[in-house]
Amino acid sequence: MRLISGLIGAIAALALLIVVVFLLLPAERLAQIAIDRLAAETGREITIEAATRPVLWPDLMISVEGLEVANPAWAGTRPLLRSDEAVLQVGWRALFGGDGVVDRLDLSGADLTLVRADDGRLSWRNGESSLLPLVLRQAELRGGRIRYLDRMAGTTLDVRQVTAMIDLNEGAGGSAAFATSGVANGTLMELSGTIAQAARFFEGTSQPVRLDLVWNDGSLRFNGAAALGGAAEGDLALRARDIGPVAALWGRDVPESIAERIGNEMAVRGTVSVVTGGSFHLRGGVVELGETRLNAALDLVPGEDRPLVRGTITGGEIGLGPAFDFAALTQDGTWSRDPIDVSGLFDLDADLTVRADGLGVGPLSLEGLDMRVALTRGRMVFDIAQIGLAEGQLAGEFVINGRGGLSVGGDLLLANAQAGPLLEALAGDAPLEGRGSASIEFLGVGDDLHSIIAGLEAEGDLSIGQGTLTGVDLPGLARNLDELADATEFDRLLAEFRVRGGVVISEDLMLDGPWGGFIGAGQINLTERAMDYRLVPENWPERELAVPVLINGDWGELEAVADAEALAALAAAAAADRARAAEVARLLGGPIGGTDPDTAPEEETEE
């Protein structure tokens, strides 16, 4: 009993001595002892600016100001962690040779910077070990900021006003649960989830993970397996009325025009996998945009200069909404001079096969899409196998090239289409009706629509079978009739044309009907939006009684009239004939049979 009493007394004296020693040491010195211990465990420089008197029992609790944990030199000048105020709770066993774990860490005004290097190195790891599960069991963060700089993927995540609770159950080897909120690009977002084994997750080993991201206009849920800064695979479900906040997390903006075309709500679900190195894969994907439903199998992989997206998109009717307004291509009756921004063509490369039942582009309806879209270094090529347009078929190639300035070009063939519905959709008016075909090879260069039209170069042809020109009576005008019909019925319309500097030049238009035919030539100035055309009668039953028809004026005020000079010439010829008849009668001694030459009846002829 004396021995036991002596041991207890010695232990009590030793404990009292330890307490006295700690009470006599300055607060900064006591804090530095704990900080040095953590620095030895992490292999990182850790500094503080000031400390308050610690709480000694049951665990050592230290409050410090200006806590800073350094990042490795390759990660940049920002520290891994910088906090205005930090409270650390450390068990005595951990402090004097234990497992080096901080039981609890409360941070106020913290700034956390995580970096992944181009070669895959992670700033929060010390060699093969991660710092985070090694030194932490529980943490609370208030008023903080988290940056994640992924130099390998070229993306940045920046979240401010962060509040977070992190609970690492059973220490570093147990599961983790967390609930956080913060503001990313002006949007308040809440993230919660669980990780099966936190230590292995932070070390880069894939673990079962569940994530729920919620913001005002949507939610994103992931259930699968992942590792911090590494691979991930699982089921993804996204539903949003505004996808801007999600895109902004990866430093991307959603153009307003695209946001308008999506409609009120969109949803994406499928199996996703993210491979270390930055590639993203979607399988069994279903994309819903308003009433549009698409199936997608896509890969997004890093390229030498930019990411590459490839795969297939299939579906039913795709509606792009009213944002495609062809009338908006003009301003006050002239082509728009607003600069066309094609910088987005250089954000990524693409190789996509698109097949869909239909595509609605404003008033224009496309059916049976089958095409390949290839985007390479700012040059986008639409290789169209077939697209149903105006009851016909469109095929060919259309190119948008952003290299060295904007240019557009193509070689397109539209076969067996209805002219009326196409013109109605494009111009809001259908002065020409009939089924036919057209082809065009063209090139336009310029940074705005006006410049492209003004410099347009093209070659093409047009062929329409039986049809109608509404609003004009060409045969009536050619005959100079007083009463005109409100349309011209024709059997065939053929024309070849070329475009030089925005001016359409045609010299061999042919228009045939039961009344005869016309040969046409003239120009259409696309820049000035004006026409100057002349139609000459040909193969008419009464050719001498028909005159050319002129069509000229601005597009909105076109006027078709009989050629005044030709009418004057015809009247002069008729007058000359009457004068000649009178002169013949005078030479013969007067009117034959005592009649006036202008009123004499025709002589009867014998059989």
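Ser273 touches Ala232, Glu233, Ser279, Phe280 and His281, once its neighbours within four places in sequence are set aside. In this predicted model, Ser273 sits in strand β15, which covers residues 266-275. Its relative accessible area is 19%, and since buried means under 20%, Ser273 counts as buried.

Let's move on to Asp299, a residue with several partners. Asp299 belongs to strand β17, residues 292-301. With a relative accessibility of 12%, Asp299 is buried. Beyond its neighbours within four places in sequence, Asp299 is in contact with Phe280, His281, Arg283, Leu308, Val309 and Arg310. Phe280 and His281 also appear among the contacts of Ser273. Two arginines in the Asp299 list deserve a closer look. The side chain of Arg283 makes a polar contact with the side chain of Asp299 at 2.8 Å. Arg310, for its part, forms a salt bridge with Asp299, with 3.9 Å between the closest N and O atoms. Asp299 in strand β17 and Arg310 in strand β18 (residues 308-319) are 11 residues apart, and the pair links distant parts of the chain. While Asp299 is buried at 12% relative accessibility, Arg310 is partly exposed at 36%.

That brings us to charge pairing as a wider topic. Side chains of opposite charge can pair when their charged atoms come close. The count for this model comes to 22 salt bridges. Three of them are set out here.

| Salt bridge | Closest N and O atoms | Separation along the chain |
|---|---|---|
| Asp150 with Arg116 | 2.7 Å | 34 residues |
| Asp299 with Arg310 | 3.9 Å | 11 residues |
| Glu391 with Arg435 | 2.8 Å | 44 residues |

The Asp150 and Arg116 pair links distant parts of the chain, with Asp150 in strand β8 (residues 138-150) and Arg116 in strand β5 (residues 102-116). Both of these residues are buried.

The pair of Glu391 and Arg435 also joins distant parts of the chain: Glu391 lies in the loop between β23 (379-389) and β24 (392-401), and Arg435 lies in strand β26 (residues 432-445). Here Glu391 is exposed, at 58% relative accessibility. Its partner Arg435 is partly exposed, with a relative accessible area of 29%. Elsewhere, Arg145, Asp158 and Arg160 are joined into one network by salt bridges that share partners.

Note on methods: Residues numbered from 1 in each chain as written. Predicted model: local features only at pLDDT ≥ 70, side-chain atom pairs only at ≥ 80, totals over all residues. Heavy atoms only, no water. Helix = DSSP H or I, 4+ residues; strand = E, 2+ residues; numbered from the N terminus. Buried < 20%, exposed > 50% of the residue type's maximum accessible area, 1.4 Å probe, protein only. Polar contact = N/O pair within 3.5 Å; in protein donor to acceptor, adjacent residues only side chain to side chain. Contact = heavy atoms within 4.5 Å. Salt bridge = Lys/Arg side-chain N within 4 Å of Asp/Glu carboxyl O.
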